[in-house]
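Thanks for making the time; I would like to walk through one structure this morning, going slowly from one topic to the next. Please have a look at it before I start.

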Amino acid sequence: MRYSGLGLVLGLLVAANPAAAHFGMVLPSDTMVTQEDGREIELRFGFAHPFTPEGLELVAPQSVEVFHSDGVDNITETLKAEDFHGAAGFAASYTLGRPGVYTFVMQPEPYWEEAEQTFIQHFSKTHIAAFDDDSGWDAELGLKTEIVPLTKPFGLWAGNLFQGIVKFDGKPVPFAEIEVEHYNETGLGVPNEIMVTQTVKADANGVFSYATPSAGWWGFAALKTANYSLPRDDQAMPVELGAVIWVKFEEWEQ
């Protein structure tokens, strides 16, 4: 994103590489957990340019919550500081309960971006399916802003079309702009920096589509100015809110 944030996450620093976007990142150790895998999931939380990948400082989040069929668990107090690509990040473990879909959501502290003269706060999430039960993957969580998946957000092949609907205060955002970036752990190259961050626009109903060219983690982020401000130096300053979703695409095994 032209700014940062999960400092989610979101801290935003001006990117040294102008083509690289800033994403809050929520990455579980598995997205499809079987009985043989056990019940423990490891999670990493970061704020970074995913394609480089280059870590940026992630301030301790306001909250990390887990949404599932039995309710919502707040695991913020279990976070442990951990390096994330050379910058401050966090890690946590979570024990799965009954079968079903678990959605992990990180809400960061608002981050002041001097270059943009605005506060940044993004909401990042990812989904996993536990014990062969994938029901509830399309649930809307009621976040201030979020991308609600229209394609099951796990169990996807590289090249599959992913669709989502951008919501703000529970309503679709017509013609929302969505930034898309690959978590480039294997050092893939690009012929031009413009290709690092892909950009698509939603239609009049807030629905967008993107077909991934390779396997791995892909982040989708939709940005919108909040309908409220925050104080800084006795002035009311604007707030940029971001809806971020991380989806993993699998390699086709021949």
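Which strands each supply at least two residues of the lining of the largest cavity? Before I answer, please keep in mind that what we are looking at is a predicted model. The strands in question are β14, which covers 161-168, and β19, which covers 216-232, and of these it is β19 that gives the largest share of the lining, namely three residues. The space inside the largest cavity comes to about 40 Å³, and the residues that line this cavity are T145, V166, F168, V173, A176, A222, L223, K224 and L241. If we sort that lining by character, we find seven nonpolar residues, one polar and one charged. Two of the lining residues, F168 and K224, also have a contact that I want to point out, since K224 lies over the face of F168, at 5.2 Å from the ring centre.

That brings me to the aromatic rings. A pair of such rings is described by the distance of the centres and the angle of the planes. The count for this model comes to 11 aromatic pairs, and one of them is formed by F84 and Y183, which are stacked, with 6.5 Å from centre to centre and 20° between the planes. This pair links distant parts of the chain, for F84 sits in strand β7 (residues 80-84) whereas Y183 sits in the loop between β16 (177-182) and β17 (198-201), 99 residues apart. Are these two rings buried or exposed? F84 counts as buried because its relative accessibility is 2%, and Y183, with a relative accessible area of 2%, is buried as well.

Another pair is that of F162 and F208, which is tilted, at 6.3 Å centre to centre and with 55° between the planes. Because F162 lies in strand β14 and F208 in strand β18 (residues 207-211), the pair ties together parts that are 46 residues apart in sequence. F162 is buried, at a relative accessible area of 0%, and F208 is buried too, at 1%. Both rings belong to one aromatic cluster, in which they are joined by Y210, W218 and F220.

Finally, a word on a hairpin, the one that β5 and β6 form with two residues between them. Strand β5 (residues 63-68) and strand β6 (residues 71-74) run antiparallel and are joined by four bridges, and in this arrangement V66 stands opposite D73 of β6.

Terms used:
Residues are numbered from 1 along each chain as its sequence is written. This is a predicted model: local features need pLDDT of at least 70, side-chain atom pairs count only at pLDDT 80 or more; totals for chains, interfaces and linings use all residues. Side-chain values use heavy atoms; hydrogens and water are left out. On a 1 Å grid over the protein atoms alone, a cavity is a set of points where a 1.4 Å probe fits but cannot get out, and a pocket is an open set with protein on both sides within 12 Å along at least five of seven lines; lining residues have an atom within 4 Å of a point. Grid points are joined across faces, edges and corners, and a volume is the space filled by probe spheres set on the points. Ala, Val, Leu, Ile, Met, Phe, Trp, Tyr, Cys and Pro count as nonpolar, Asp, Glu, Lys and Arg as charged, and the others, Gly among them, as polar. Two strands pair if DSSP finds at least two bridges between them. Rings of Phe, Tyr and Trp (its six-membered ring) pair if their centres lie within 6.5 Å; planes under 30 degrees apart count as stacked, over 60 as edge-to-face and the rest as tilted. Buried means under 20% relative accessible area, exposed over 50%, partly exposed in between (1.4 Å probe, protein chains only). A charge sits over a ring if NZ of Lys or CZ of Arg is within 6 Å of the ring centre and within 35 degrees of the ring normal.
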